[in-house]
Each structure stands twice: as C-alpha cells, then as structure tokens.
Amino acid sequence: MNHFPQAWGRPRDDVYGPYDSSYLHANGPKAHTSSPIVTGTSVLAVKFKDGVVIAADNLASYGSLARFTDVKRLRTFNRRTVVGFGGDVSDMQYLDRLLLSLDIDENYGSSGHDLNARNLHTYMAKVMYKRRSDVNPLWNQLLVAGLDGDDQPFLSSVDLLGTTFSSPTLATGFGAHLAQPLLRKIVDDEANVKTVTREQAVDAVKECMKVLFYRDARSLDKYSIAVITKDAGVELKEDERLENQSWAFAEMIKGYGTQTV
C-alpha cells in the first residue's frame, strides 16, 4: 500500500495502473478567469444635496449558495470617498490591495494633495480598461461615491470593460432593475439633487435594500451603508440589519408553486 501523502485520495496504481499526472504540469496555454465564482450582488448609491449615500449587503455567494455572510463590499478611501464592489470577490480583494497601496503612497507623498472621488474614479477606470485590454478583465462593477475637488457630491460607475457612467442614482447587479426605479422617484435628474435631504436619501436606500432582500435570491438582510458629506467625512456602518420586515405580500403573488385559488 502506498502511504505517501501525494497518493492519498487517488486510485491505487497496482489496481488501476499508473496515475496520469500530466494535467498538473504547466505546459498548456496561459489561462485567465472566464467567469466569476464567488460573487457579491447589488451596490446602491444616491446623491443628496450635501453628499452621497452608498450601500451593499454583506453576502458573497458561491454560485447559488449563500456561502459567506460577512463580506464587506464598501471600501473607504481617505475621508471623502467610498468604493462599492459588485461581482467577483477575489478580484475585489485584488482591487482592495491596490487601493490600499495607493492610499499609503498618497499619505506618505510630499505633494500635499490627496485624491478626491473624481480622481479615484478616473484611476479605477484606467485600471479596469488596462486589464480588459490584456484580455484578463477584473470581473467587477464599481461604484465610486464621494466628493469631488469642489466638495460637490460625485457618483459614477466603472465596469469590467472600463466603461464609465455617471448619474444621480446608480445600482449594480439586480439593483439596476429593482432599485433604480425606486431611487429615481426621489432623484430623477441632477436638478433634483439639491432638493433631497440626507434623511430622504438614507430612507430610500434602506427601502431598496429591503426590496432586494425580498426579491433577489443572492442578497442578505445584513448590509453596510456609508454616508459621505463635507462636514463629517465618511460615516460607515458595516453591520446594519433590515428593519420592519414583512412577508405578508407573498400571499398575493401568483404563478409560483401550487395554487389553491
């Protein structure tokens, strides 16, 4: 009997013949990730007159399995920018290390200037486009929320192709279908941003997180939410719970399972 660890869990050579280990050798073409494995779902953000609110739940799904329930997908960068990550978690961790390195360089730099949200969004767009051009994309969609160089609310997105888009309300994943219509009820264009208060923006985002938990099988009732303003900087809460949940509406849904009426 073969007691060597490298033989554990494989067929015996004396019964099934020598084991073919050629697949372990790195003699094939270079391969890149072709689809995400462990993923995070929606990230939501909305502008208000003094800043931006951004939120994301703490779930990372392994396919359809709700595997990791404590994954923080909001990353604070200096005191006036937050990056929200949707998509592949391993690529999110790579970008998180990249942002940490950039943050350290900025803090120890001698220029006396720091990156605002608009600068950081431009940097992330270049990173994503470069990886796309290498045919090795980072499988993420990012929301960059914060304040620009004039301390005005800034919100923009960038996807795995390096495509950028700005709007008073943004959402990734399933939230782009379910949350955006709700957020646009309070902020439908840039002109309305000046009329929206912090309380209205926070309440709208929390209500959207509740709707996503009801309707999105890849979501969770525990989430992170950040508010970025000029006076207070970044106020981040990472272990919030949905309040006043009610599944009473389920009685009125028709078309799923056995119907009695």
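Let's start with an open sheet of five strands, ordered β11-β2-β3-β12-β13, in which the pairing is antiparallel. Two strands sit at the edges, β11 (169-171) and β13 (233-241), and each of them pairs on one side only. From one strand to the next, the twist averages 10°. Keep in mind as you look around that this is a predicted model.

Before going further into the sheet, here is the chain as a whole. The protein chain has five helices and 13 strands. Draw a box along the principal axes and the C-alpha atoms of the chain fill roughly 80 × 70 × 30 Å. Of the 261 residues in the protein chain, 42% are buried. If you take the contacts between residues at least 6 apart in sequence, 63% of them join residues at least 24 apart.

Now back to the sheet, and to β2 in particular. Strand β2 covers residues 43-48, strand β3 covers residues 51-57, and the two pair in the antiparallel sense over six bridges. Together β2 and β3 make a hairpin, with two residues between them. You can check the register by eye: Ala45 has Ile54 of β3 as its bridge partner, and Lys47 stands opposite Val52, also in β3. β2 is joined to β11 as well, by three bridges, and these two strands run antiparallel. Here Leu44 is the residue to look at, since its bridge partner in β11 is Ala171.

How much of β2 is buried? Six of its six residues are, so the strand is largely enclosed by the rest of the structure. Both faces of β2 are covered. Val43, Ala45 and Lys47 are buried on one side, while Leu44, Val46 and Phe48 are buried on the other. Yes, Lys47 is on that buried list too.

Next, the helices. Helix α4 (residues 175-183) lies across β2 and β11, and runs at about 160° to β11. α4 also meets another helix, α5. Two packed helices are described by the angle between their axes and the distance between the axes. For α4 and α5 (residues 198-215), the axes come within 10 Å and cross at roughly 145°. The crossing of α4 past α5 is right-handed. On the α4 side, the residues involved are Gly175, Leu178, Ala179, Leu182 and Leu183, and they meet Ala204, Val205, Cys208, Val211, Leu212 and Arg215 of α5. Sorted by class, this contact has nine nonpolar residues, one polar and one charged.

Last stop: Asn116, which is found in the loop between α2 (89-108) and α3 (117-133). Is this loop residue buried or exposed? Asn116 has a relative accessible area of 9%, so it counts as buried. What does its side chain reach? One polar atom of the Asn116 side chain lies 3.0 Å from the backbone nitrogen of Arg118, and the side chain also reaches the backbone nitrogen of Asn119 at 2.9 Å. Leaving aside neighbours within four places in sequence, Asn116 is in contact with Arg80, Thr81, Leu147, Asp148 and Gly149.

Terms used: Residues are numbered from 1 along each chain as its sequence is written. Side-chain values use heavy atoms; hydrogens and water are left out. Two strands pair if DSSP finds at least two bridges between them. Helices (H or I, at least four residues) and strands (E, at least two) are DSSP runs, numbered from the N terminus. Axes are lines fitted to C-alpha atoms, for helices over the stretch in contact, and angles run from 0 to 180 degrees between N-to-C directions. Contact means heavy atoms within 4.5 Å. Buried means under 20% relative accessible area, exposed over 50%, partly exposed in between (1.4 Å probe, protein chains only). A polar contact is a pair of N or O atoms within 3.5 Å; within protein, one must be able to donate a hydrogen and the other to accept it, and residues adjacent in sequence count only if both atoms are side-chain atoms. A crossing is left-handed if the near helix is turned anticlockwise from the far one by less than a right angle, and right-handed if clockwise. Ala, Val, Leu, Ile, Met, Phe, Trp, Tyr, Cys and Pro count as nonpolar, Asp, Glu, Lys and Arg as charged, and the others, Gly among them, as polar.
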